[in-house]
2 protein chains.
Amino acid sequence: MSEHPPFAVAVDLAIFTIRDGALSVLLVERGEEPYAGQWALPGGFVEPDEDAEQAAWRELHEETGVERFPGYLEQLRTYSAPDRDPRMRVVSVAHVALAPDLPEPTAGTDAADARWWVVDDLLEPTGAAAEEAPELAFDHRQILVDARERVRAKLEYTTLATEFVAEPFTLPELRRVYTAVWGTPPDLGNFRRKVLGTEGFVIPTDAHGSPTGSGGRRALLYRRGPATVVQPPMVRG
Amino acid sequence: MSEHPPFAVAVDLAIFTIRDGALSVLLVERGEEPYAGQWALPGGFVEPDEDAEQAAWRELHEETGVERFPGYLEQLRTYSAPDRDPRMRVVSVAHVALAPDLPEPTAGTDAADARWWVVDDLLEPTGAAAEEAPELAFDHRQILVDARERVRAKLEYTTLATEFVAEPFTLPELRRVYTAVWGTPPDLGNFRRKVLGTEGFVIPTDAHGSPTGSGGRRALLYRRGPATVVQPPMVRG
DNA sequence: CCAAAAGTGTTAGAGATACACCCATGA
DNA sequence: TCATGGGTGTATCTCTAACACTTTTGG
């Protein structure tokens with residue numbers, strides 16, 4: 001019982017953002033074997049002097065090319081099937097990150113390319129997207145499925161949606177986050193009542209946003225409030 | 001970037017049950033260094049040919065002494081602080097298990113002793129319990145705190161409470177599960193309406209239970225139903 | 001002045017809260 | 001027959017779903 005077989009410990013990241021009204025995730029094209037040329041979630045090995053969360057933050061900065069990542073990070077779960085990496089025994093602590101719209105990523109050190117993908121195009125491709133949709137390396141498709149479900153669920157009972165928008169933001173912007181993640185827009189009136197009625201969800205400013213299209217009222221601007229939970233939750237669909 | 005420092009990967013288990021109306025957890029007294037003589041969550045190293053969940057099931061059988069463990073198991077989260085084990089770099093994939101009242105456990109191979117502890121006596125000891133309450137080894141206190149919070153939360157929006165009672169069970173028994181986990185009893189009438197009104201939560205039988213004390217009506221017996229979620233959730237407090 | 005986008009009001013109904021009350025059983 | 005525990009009923013209140021309506025702005 002004093003055996004401890006050696007494992008490599010990695011972190012993988014599902015980094016989500018909203019682009020053009022669609023929930024999107026950052027993928028990298030692998031430059032090395034295994035799965036060279038295939039698309040995968042960004043990630044890397046945990047260093048001897050850091051924990052998994054520190055490793056995830058480090059990769060987040062490396063892969064997005066942003067020094068001060070403006071978003072949110074949390075652990076998702078650990079994937080440990082013995083054959084998940086053909087090279088050796090690798091256990092991966094997957095994380096979920098959320099951010100407001102980020103610049104186009106730069107390909108990292110060991111990645112051939114990096115870009116944003118619309119999540120639905122990867123997981124439920126229809127029409128033209130079905131041709132383009134790549135298979136993901138390793139068990140990353142499963143990680144992506146679990147990560148999306150985590151985000152969907154957390155929008156219901158937390159104020160996490162505000163991590164998808166840059167401050168200051170308008171309520172219609174925030175509502176578009178829910179629309180993108182859930183696939184269907186929450187009722188306008190009920191949405192506003194819920195957000196404004198939840199103490200500390202958003203903090204009003206006295207400034208107005210700029211017009212969205214041609215014509216239309218200018219929305220009020222808000223900042224993130226200190227609240228983290230929404231009780232009772234917003235309901236999906 | 002092609003370095004993979006070697007880690008040991010372990011599983012730790014927070015095994016909960018309800019004993020005498022209190023949420024209880026199984027601890028083992030460590031027989032070996034580090035932390036010899038201190039109490040800890042049961043656990044062990046992941047073997048080369050199994051994943052973390054299989055390792056957790058294996059430990060569950062070994063530590064409880066039960067061949068066919070009757071309860072529920074899920075991954076909690078992974079703890080990976082570099083100094084969490086003084087011997088070497090150990091990453092632990094913690095799990096939560098729930099079971100109906102189990103027999104007194106047998107001390108495992110590398111444990112000096114094993115017994116059930118009332119969780120509140122460990123985490124918020126008052127009065128006499130404060131003397132007895134041991135400090136837990138490693139970061140197991142934190143794991144226990146997180147595990148209890150997971151269980152509390154899941155009772156709200158899932159049918160998980162039924163994993164704490166042996167089939168067939170009565171509704172008052174099930175209600176005592178909520179009372180033990182939340183610390184306060186849900187309203188009797190509302191509780192029944194919620195459980196019976198949630199399709200597939202419980203399945204009625206035509207048998208009656210045996211009397212609890214001296215006097216009192218005999219409760220109807222039920223079995224677990226196929227439902228897993230409770231929508232909208234039961235509310236705590 | 002019209003269309004588009006933001007914001008407000010209103011009504012019906014579901015569900016929860018907080019009880020009071022009735023039933024079955026053993027001593 | 002009474003205490004004990006199981007089970008039912010109900011008035012009130014809160015919140016939400018659904019939808020109609022008003023306001024502000026650009027062209």
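Colleague: What makes up the surface near DNA strand D, in terms of nonpolar, polar and charged residues?

Modeller: In this predicted model, that surface divides into six nonpolar, seven polar and eight charged residues. The nonpolar class holds Ala, Val, Leu, Ile, Met, Phe, Trp, Tyr, Cys and Pro; Asp, Glu, Lys and Arg are charged, and the others, Gly among them, count as polar.

Colleague: Before we go on, how should I read the names and values?

Modeller: Residues are numbered from 1 along each chain as its sequence is written, while chains are lettered from A and ligands numbered from 1 in the order in which they are written. The model is predicted, so local features need pLDDT of at least 70 and side-chain atom pairs count only at pLDDT 80 or more, whereas totals for chains, interfaces and linings use all residues; side-chain values use heavy atoms, with hydrogens and water left out.

Colleague: Thanks! Why is a residue called near DNA strand D, and how many surround the strand?

Modeller: A residue is near a strand if one of its heavy atoms lies within 4 Å of it. For DNA strand D, 21 residues surround the strand, the closest being K194(A), G216(A), R192(B), G216(B) and R217(B). Of the strand's atoms within 4 Å of the protein, 62% belong to sugar or phosphate and the rest to bases.

Colleague: What makes the pair of G216(B) and DNA strand D a polar contact?

Modeller: A polar contact is a pair of N or O atoms within 3.5 Å; within protein, one must be able to donate a hydrogen and the other to accept it, and residues adjacent in sequence count only if both atoms are side-chain atoms. A backbone N or O atom of G216(B) lies 2.8 Å from a base oxygen of DNA strand D, so the pair falls within the cut-off. R217(B) also reaches a base: one of its polar side-chain atoms is 3.1 Å from a base nitrogen of that strand. From the other chain, the side chain of R218(A) has an N or O atom 3.1 Å from a phosphate oxygen of DNA strand D.

Colleague: Which residues play such parts at DNA strand C?

Modeller: Two pairs involve phosphate oxygens: R192(A) has a side-chain N or O atom 2.8 Å from one, and a polar side-chain atom of R218(B) lies 3.0 Å from one. R217(A) uses a backbone N or O atom, 3.4 Å from a base nitrogen of the strand.

Colleague: Which helices help to form the surface near DNA strand C?

Modeller: α6 (188-197) of chain A and α6 (188-197) of chain B each supply at least two residues. Helices here are DSSP runs (H or I, at least four residues), strands are E runs of at least two, and both are numbered from the N terminus.

Colleague: How do you know how the two copies are related?

Modeller: The copies are superposed by least squares on the C-alpha atoms of residues with pLDDT of at least 70 in both. A rotation of 180° with 0.0 Å of shift along its axis places chain B on chain A, with RMSD 0.1 Å. The two copies are thus related as by a two-fold rotation axis.

Colleague: Why do we say that the copies meet through the same surface?

Modeller: Because 100% of the interface residues of chain B are also interface residues in chain A. Contact means heavy atoms within 4.5 Å, and 32 residues from chain B and 32 residues from chain A take part.

Colleague: What is meant by the area buried between chain B and chain A?

Modeller: Buried area is the accessible area (1.4 Å probe) that two parts lose on being put together, summed over both. Here the value is about 2,600 Å², with carbon and sulfur atoms giving 59%.

Colleague: How many salt bridges cross that interface?

Modeller: The rule finds zero. A salt bridge needs a side-chain nitrogen of Lys or Arg within 4 Å of a carboxyl oxygen of Asp or Glu. The interface does have 12 residue pairs in polar contact, both at pLDDT 80 or more.

Colleague: Where does P34(B) sit, and what is special about its peptide bond?

Modeller: P34(B) is in the loop between β2 (22-30) and β3 (39-40) of chain B. The bond from E33(B) to P34(B) is cis, with omega near -5°. Most peptide bonds are trans.
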